[in-house]
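Colleague: Please take one strand of this model and go through its surroundings in detail. After that, add a word on the contact between the chains.

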Amino acid sequence: MSTPQDPNVREQPAVAATGSNRETILSTKGLTKKFGGLTAVDNVDFSVDEGELRCLIGPNGAGKSTLLELITGQLTPTDGEIYFDGTDLGELEPHERMDAGISVKFQSPHIYESLTVEQNLHVPLQRTSRDIEPVMERTLDRIALTEKADEPASDLSHGEKQRLEIGMAITLDPKFMILDEPVAGMSIDETGDIADLIQSLHDDGMTFLVVEHDMEFVRKISERVTVLSQGSILEQGPIEEIENDEQVRRIYLGENA
Amino acid sequence: MTELSLPSRFDGIAEKLNGPNTLGNSRAFWIAFAVGMFVMVAYPFARGSYAAGQTSLFLVYGLLALSLSLIWGYTGILSFGQVAFFGIAGYTYAIVSLNLGGVFGQTVALPIAIAVSTLSAFVLGYFMFYGGVQNVYVAILTLVVTLVLETFMAQTAGSEWAVGSVKLGGFNGIPGIRNFALGVEGASISLSGSGFYWFVLALLLGAYLGGRALVNSKYGYALVAIREDAERTAMFGYNVKRVKLAIFTFSGALAGLSGVLYSTWGNYMDPSVFTITFATIPIVWVTLGGRESLLGAIVGTIIIERLRLWFSVNASEFAIVFVGVILMTVVLVLPRGILPGIRQIYLFLNENGPRAAVDHGQTVIKARIREALQTVGIDASDPDTPSSSEVVRE
């Protein structure tokens, strides 16, 4: 279902392991965002299949965050369309897109600093669950913050804040989960925990779109990777292939290596 | 059966009133609250009807403060417009009740006045929140609206400015508004002195308990979440604009009720309610008492107004200066306000004992004063203030 822009992009079977034909859950057509003279996202045709765990990588300024913000509705596109689960997102406000089944964890932790951990989780939970208690317990357990449930969120470490926000985002029980740099600034142990968390949610059928710089992490979790550069899709495919691609190495990975 | 169901019903009520978004949820709090209420109810017996009548103004202002606490303390929208809705309701009540005349006119004027202030809040709120006005610009816009109303009402001295038989009267305002009354001719009650005091006290108690139920409900969580991070909250699927509009409208209604009571208390209505001084005073009440506490807002109002009265009798024109000094001191020592401050001290004492508390208090106060001297600007860098952190975010 993906629409390759670049002839070099090879169509990959979604996941060979399950062998099922998966439906496209999110797709963009000719998506463009200009900020004055700068084209941050340039005529992008991009799609994610249901149940997929897609990573989005690219150098700084490649348009990753802009693309995410176009999907969440924080930004309105200059041109092009976004379809999610069969509906055109164009006219929908951000909160309506969340109702449609999208959820997002922002790049820097956006949590309610003055509330306790439990109260933080309460905010998204009260919208989705009638019986809050069991879901609360399960979520706290999943993000390993049970012992800090009554502590103010401002007292948490950076990694714990990241985990809390991921926890809040998943309590919406979304079909499509956007994670913008979920392991930025985390220790190796914490990164491993987040990878496990994402993996287990993915195993339960949640679709992910993850922006991440940490290639170790990307290698660990992702099936397919999309490389953005200067607002366009440079390359798309399985991680091994991407990492060995000359062009990608030169533009992106080379910098970090 | 009744014996069993009664306590459980009380539990249910208590559950609605208590919660993480109000400061006093303990048994001790409710006992203290009951004692306080008893004193308030008994006040007219001790001091007489005239004093009670004078004091009822503070309770009227308490409703206004409550409306500000809801939108500023809980939702993070700093509004100077509460006095605008207060004044609009007061003027409307005057115009309608005097035109229709009699106790029936007054009875009809009450819902009309509140409806007009509610509608005004809705219209202003709609254009602000759906127009994308945010943060400090809400404060500016609401202040401008208030000042425009002042300018407009002040120039209505001419006889051409009349609604029906009621002249708007410019600076002199509308005199002759009668004491609060409800009913129809022959079967009515008119309230003044102690009666008016108890009536306003009951309204204030109802508004306070209602406010508690509101902020501890699902809706209250949404309000607090919007205060803390509106963008994050929208990304949990909350319709932030609609929630803001709803609470702004509700606060407008509450301010309107306060304005009606004010006009019947003083028996007149003039443009001074739209001045910058009066627009700022609710901010002072709420800051002093504790922005994030409904009771704090009321307590702050009563303290400030009592002091203003005392100072204006004993120190005339310096009254506002003294009040300013008190406000500065409180903000330095207890930046979150009196009631949250008392609660913090109480919790600290319980945990660490009095000796440690005194030491801790000293270091904290010293640090605060040093901080304040360093930053010459007024509380611009105080991270505790939602309004200022909003500005920073902006």
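Modeller: In strand S9(A), Val225(A) is the bridge partner of Cys55(A). Cys55(A) belongs to strand S3 of chain A, residues 53–57; strands here are DSSP runs of E with at least two residues and helices are runs of H or I with at least four, numbered from the N terminus. The model is predicted: local features need pLDDT of at least 70, side-chain atom pairs count only at pLDDT 80 or more, and totals for chains, interfaces and linings use all residues. Residues are numbered from 1 along each chain as its sequence is written, while chains are lettered from A and ligands numbered from 1 in the order in which they are written.

S3(A) and S9(A), residues 224–229, run parallel and are joined by four bridges; two strands pair if DSSP finds at least two bridges between them. Four bridges also link S3(A) to S8(A), residues 207–211, again in parallel. There, Leu209(A) stands opposite Arg54(A).

Five of the five residues of S3(A) are buried, so the strand is largely enclosed by the rest of the structure. Buried means that 20 or more other C-beta atoms, placed from the backbone, lie within 10 Å of the residue's own (exposed: 12 or fewer; partly exposed: in between). Both faces are covered, with Leu53(A), Cys55(A) and Ile57(A) on one side and Arg54(A) and Leu56(A) on the other.

As for the chains, 18 residues of chain A are in contact with 17 residues of chain B, contact being C-beta atoms, placed from the backbone, within 7 Å. H3(A) gives the most to the side of chain A that touches chain B, with six residues.

Note on methods: Contact = placed C-beta atoms within 7 Å.
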